[in-house]
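Please look through the sequence and the model shown below before reading on.

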Amino acid sequence: MKRRSFLGAGALALGSMTLGGDLLSPLARAAESITRLRAGSFKRQFQGIGGPTTLWGFNDSVPGPLLRFRKGDRVSIGVDNALRERTTVHWHGLRMPNAMDGVPFVTQPPIEPGASFLYQFELKDSGTYWYHPHQKSFEQVGRGLFGALIVDEEKPIEVNQDVTWVMSDFKLDAVTGEHAPFGSATEHAGQGRLGNIITINGEVAGPRLALAVRSGERVRLRLINAATARVFRLGFTGHAPMIIAFDGQGVTPHKPQDDSVLLGPGMRIDLVIDCAGAPESRFAVTDSTSRATLATINYSAAAPLQTTVWNAPMNLPRNDLPRLNLKKPDVHSIDFRGGDAGPPVIGRVDGKDIGYSEMLTKYGLAWTVNSYAAHEESRAHEPILFLKRGETHVLSIANSTGFVHPIHLHGHFFRVLSYNGIKPKFEEWRDTVFMNPWDELQIAFVAEERGDWMFHCHILEHAAAGMMGVFRIE
Ligand code: C2O
Ligand code: CU
């Protein structure tokens, strides 16, 4: 077990671990060299669990290495598959040519065991992103295959610490440490797989996990929800975080609604936290979904810093996203149905309309998109929408289910036009949007690159059970 000591500068008590920026070391900076990611398995002992857990991870770590580049870099990332099954890597949120998007059978053949694939693309946008397999993702991500990818702005905003938290959970047998079996119908047709341990940067969350700060500092905290199904609602006791980005895209800095930072699976939020606590004080970072303290903000004994950085702007430079033409958009409707708590659905599976119980027992499918239920591994996804390239498209999306769903579109950022008819207060560009039960929303985007792009729920068990489709841009 390779683990560094995480006690960074400013760490306080012995026995606590810091969640500072040095926890994840930048693997790659050079634009021309090839970064290698090896998907493989290894064992790790989680604190509070009886035995070691077999994790799947990139380069023997969970999360995988933090990939850090600059806007405009051309990157080459070679993925080596040391698993005993096929895999791929999808670069969540990044705009790139379709062939690099990492969806098996849709954009590339899966990477066979022992084989490699070279991903090459240009980083058009700065921001906080992540990477994960798109092959059997509910299981491969659920076993630990995920990592952060950060693209620095040409001129980053001024902060004292730039910290990334990759948040996840694992459903383990508390005695043996092994994963509970994957693929249960209750998980796939219900809330998804919820773990019994929550992790931040691979460490078991709890009051002993510390974000070490000094009084007077400004921290940029990048939150990434890499869990397959868990929704986080974070509270920062004693602090007033400002949201500066959703899914890597700058937004007018503002306080989170109800002081709670909502992060569905797949979503990212960048916060600016001005640390006004006294030296040696401690504050809890709580999650109201799990009703747990996930970490603490620990102040060092050092005298308060001059707080000049607090006056620095926190508004991020915007990425150059294609401009919407909302005068004459193409409008499309999307309707999500299904799940084990809603009205029974009929789904079109392999060209046949079948009832919910047959969907579930015969195919493991529980959800539909516009009445289609897709297998995750169907070789050819029939597109549910054909979109004209260069045009602005508006999607009217209805969540006709009793469940929450974070909805993700590949390769594009969309603007949220309305949540249940109400325009968001600040212009929001996202690649993943959270839907509460029975919500209706409208999003708009310009179809940019030719090809087949996935559109799916990022509760990965839902995606595997039918809640995914393909948009063909031509
Ligand atoms: Cu983050 Cu289709 O995935
Ligand atoms: Cu869902």
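The report that follows treats a predicted model and takes up its copper site, one of its sheets, its cysteines and its salt bridges.

## The copper site

The copper ion (ligand 2) is held by three protein donors, namely ND1 of His-405, SG of Cys-457 and ND1 of His-462, which lie 2.0 to 2.1 Å from the ion. Along the sequence, the donor residues follow the spacing H-x51-C-x4-H. The two histidines link distant parts of the chain, since His-405 belongs to strand S28 (residues 405–409) and His-462 to helix H4 (residues 460–464), 57 residues apart.

Are these donor residues buried or exposed? His-405 has a relative accessibility of 0% and therefore counts as buried, His-462 is likewise buried with a relative accessible area of 0%, and Cys-457, also at 0%, counts as buried.

## A sheet of five strands

Strand S28 is also part of an open sheet of five strands, which has mixed pairing and runs in the order S26-S34-S33-S28-S31. Its edges are formed by strand S26 (385–387) and strand S31 (432–435), each of which pairs on one side only. On average, and with direction ignored, neighbouring strands of this sheet are turned by 20° against each other.

At one edge, S26 pairs with strand S34 (residues 468–473) in the parallel sense over three bridges, and Phe-386 stands opposite Arg-472 in S34.

## Cysteines

A disulfide is a covalent bond between the sulfur atoms of two cysteines. A search of the whole structure finds zero disulfides. Cys-275 is buried, its relative accessible area being 1%.

## Salt bridges

The structure holds 27 salt bridges, among them one between the side chains of Arg-222 and Asp-152, with an N to O distance of 3.8 Å. This pair links distant parts of the chain, with Arg-222 in strand S14 (residues 218–225) and Asp-152 in strand S9 (residues 147–152), 70 residues apart. Arg-222 is buried at 0% relative accessible area, and Asp-152, at 7%, counts as buried as well. Glu-153 forms a salt bridge with Arg-220, their closest N and O atoms being 3.0 Å apart, and this pair joins the loop between S9 and strand S10 (161–170) to strand S14 across 67 residues. Both Glu-153 and Arg-220 are buried.

Another salt bridge brings together the side chains of Lys-171 and Glu-187, at 2.7 Å from N to O. Because Lys-171 lies in the loop between S10 and helix H2 (185–189) and Glu-187 in helix H2, the pair ties together parts that are 16 residues apart in sequence. Lys-171 is partly exposed at 27% relative accessibility, whereas Glu-187, at 5%, counts as buried. Salt bridges with shared partners also join Arg-68, Asp-152, Glu-153, Asp-162, Arg-220, Arg-222 and Asp-270 into one network.

Conventions
Residues numbered from 1 in each chain as written. Chains lettered and ligands numbered in written order. Predicted model: local features only at pLDDT ≥ 70, side-chain atom pairs only at ≥ 80, totals over all residues. Heavy atoms only, no water. Donors = N, O, S within 2.8 Å, 3.2 Å for Na, K, Ca; no water. Helix = DSSP H or I, 4+ residues; strand = E, 2+ residues; numbered from the N terminus. Buried < 20%, exposed > 50% of the residue type's maximum accessible area, 1.4 Å probe, protein only. Pairing = 2+ DSSP bridges. Axes fitted to C-alpha atoms, helices over the stretch in contact; angles between N-to-C directions. Disulfide = S-S within 2.5 Å. Salt bridge = Lys/Arg side-chain N within 4 Å of Asp/Glu carboxyl O.
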